[in-house]
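Student: I'd like a close look at a single part of this model, please. Could you walk me through it slowly?

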Amino acid sequence: MLTEEEKKADDPSVDELTQIQLDKDPTAAASPPTAKTTPPSDQSPLGPIEDPPSAEDTSSILSRTLLLYLTPLLKLGATKILEPSDVGPPSLTDRAAHCHVSVQSRWNEELQRVKLKNDKKRARWEAKVQKMDDKKRQGQVFVPVTPNLARVLWYAFGYWRVWVAVFFYVLSALLQFVPVLILNDLVRYFETPADQAQNYKALLFHPWGDVVGLFIFPVLVSVLQTRSQVILNHCAIFIRTAVSTLLFEKALTISASGRALTSTGQVVNMMSNDTSQLQRFLQFFGTTLVAPVQIVLALALIYRQVGNATWVGVGFMLFLVPINGLVFSSVSKMRRRVMKYSDARVKMINEILAGIRIIKFYSWEVPFGQEVNRIRNEELKALTILAYTTALGFSLIMLSAPIINPILVFAAYIRMSVESLDAATACECWPGDSLDWVLI
């Protein structure tokens, strides 16, 4: 039997490691070694959770409204190429840890709520089934209530913040028509004879008031729209990050049977493409809600000036609706086709990497490489058709229609009205241009 000294002499690795540690940190000799160091409570294995606050979180209300906290960053960007360290940490709302903790707690509460609801529903269903005869009982199936992820995301981010953003956007959409009315009023003032100009009642009490309003209202619209877009962008990033973390956690805890029903490509597409679609939708959420109000107001303003010639423009836009639907249905089909080939390509690459030893052992590199190239070529073909369809549809509809529609309206007004087309009428009909963008 060897003694402790003989064991240490045969295994000098402990002494060597201790000497290396003393060379790196001489103060380590003063403190006894510990078996295992535990990270502080504010840290995780991936790094600290409590990062320094962002410039947006520490800014004042005025700075957030006017985006003044971006001024130092813009000045720095004018002198050098910005690096990630120059931007600083993101806002607390956009951080993955905050998004995951907020949504996970709400999701657990939703699961408990649905479980209690299903228990009560199942008890009522079983009592109801017991009263039925055997023939009717065979076709009865219990349909449980599923958890509502949209409700969880809505309350985790803060539904009141979304409604504040929508209110700002609606208010800005209404104020967008005020400069048009002011410009129409100024044009009519300049068309007024000099002897009647003194008695002219301006829209903002005085012609100089109209001039000041042409500056104030666009600035106010810009501030309101910017604040609304900032909130909606935070909401979009929050939901995309939260859904991605939930998918990642589910991918780590999914059962073997569930893993067999879902391929790796589908998971990758859900975490990249599908979450990106959610983010894009939420970024334009305000536009979708405000569009009906803008349409009604724009039609009222145009009809007040050109009368029945308005319906020529409306008819042209209704004519574009099926074309618009055809273009976007084609885009949707091609996008699904691209996702199909992307799933197949990612699945094939994962299978190749998992069995690379067998492939190298049997020299199967060439056939597997040809299969990957075939799938990739099909994906590139679908992407090319998608790009051409999107470019052609957007160039024909989004760019040409707002130019053609005012021409048709003014041409119909000239032929239908006994009055000539003056500058004031043309200025107030300008919302028709924005109306085309809303409808299209």
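Student: Which residues form a nonpolar patch on the surface, and about how much accessible area do they have together?

Tutor: Happy to take you through it, with the reminder that this is a predicted model. The nonpolar patch on the surface is formed by Trp154, Tyr155, Tyr159, Trp160, Trp163 and Leu289, and together these residues have about 650 Å² of accessible area. Two helices, H8 and H9, are the elements that give two or more residues to the patch. Helix H9 gives the most, with 3 residues.

Take Trp160 as an example from the patch. This residue lies in helix H9. Trp160 counts as exposed because its relative accessible area is 55%, and the cut-off for exposed is over 50%.

Now look at the rings. Ring pairs link Trp154, Tyr155, Tyr159 and Trp163 into a cluster, and those four residues are also among the members of the nonpolar patch. In the model as a whole, the count of aromatic pairs comes to 9. One of them joins Phe167 and Phe168, whose ring centres are 6.1 Å apart with 50 degrees between the planes, a tilted arrangement. Phe168 has a relative accessible area of 21%, so this residue is partly exposed. Trp364 and Phe368 also form a tilted pair, because their ring centres lie 6.3 Å apart and their planes meet at 35 degrees; a pair counts as tilted when the angle is neither under 30 nor over 60 degrees. Both partners are partly exposed: Trp364 has 37% relative accessibility and Phe368 has 27%.

From the surface, let's turn to the buried side chains. The largest nonpolar core has 20 residues, and those with the most contacts inside it are Val103, Leu153, Val162, Cys235, Phe238 and Ile239. Helices H8 (149-157) and H9 (159-175), which you met in the patch, each supply at least two residues of this core, as do H6 (96-130) and H11 (207-253). The largest share, 9 residues, comes from H11.

Val103 is a good place to zoom in on this core. Leaving aside neighbours within four places in sequence, Val103 is in contact with Val152, Leu153 and Ala156, and also with Phe238, Ala242 and Leu246. Apart from this core lies another, of 8 residues, including Val331, Tyr341, Ala382 and Leu386.

To come back to your question, helices H8 and H9 each take part in both settings: they give two or more residues to the nonpolar patch, and they each supply at least two residues of the largest core.

Conventions: Residues are numbered from 1 along each chain as its sequence is written. This is a predicted model: local features need pLDDT of at least 70, side-chain atom pairs count only at pLDDT 80 or more; totals for chains, interfaces and linings use all residues. Side-chain values use heavy atoms; hydrogens and water are left out. Rings of Phe, Tyr and Trp (its six-membered ring) pair if their centres lie within 6.5 Å; planes under 30 degrees apart count as stacked, over 60 as edge-to-face and the rest as tilted. Buried means under 20% relative accessible area, exposed over 50%, partly exposed in between (1.4 Å probe, protein chains only). A nonpolar core is a set of buried Ala, Val, Leu, Ile, Met, Phe, Trp, Tyr and Cys residues joined through side-chain atoms within 4.5 Å. Helices (H or I, at least four residues) and strands (E, at least two) are DSSP runs, numbered from the N terminus. Contact means heavy atoms within 4.5 Å. Patches are made of residues with over 30% relative accessible area and no salt bridge: like charges are joined within 9 Å, nonpolar side chains (Val, Leu, Ile, Met, Phe, Trp, Tyr) within 5 Å. Accessible areas come from the Shrake-Rupley method with a 1.4 Å probe; for residues, only the protein chains shown count as cover. A salt bridge is a side-chain nitrogen of Lys or Arg within 4 Å of a carboxyl oxygen of Asp or Glu.
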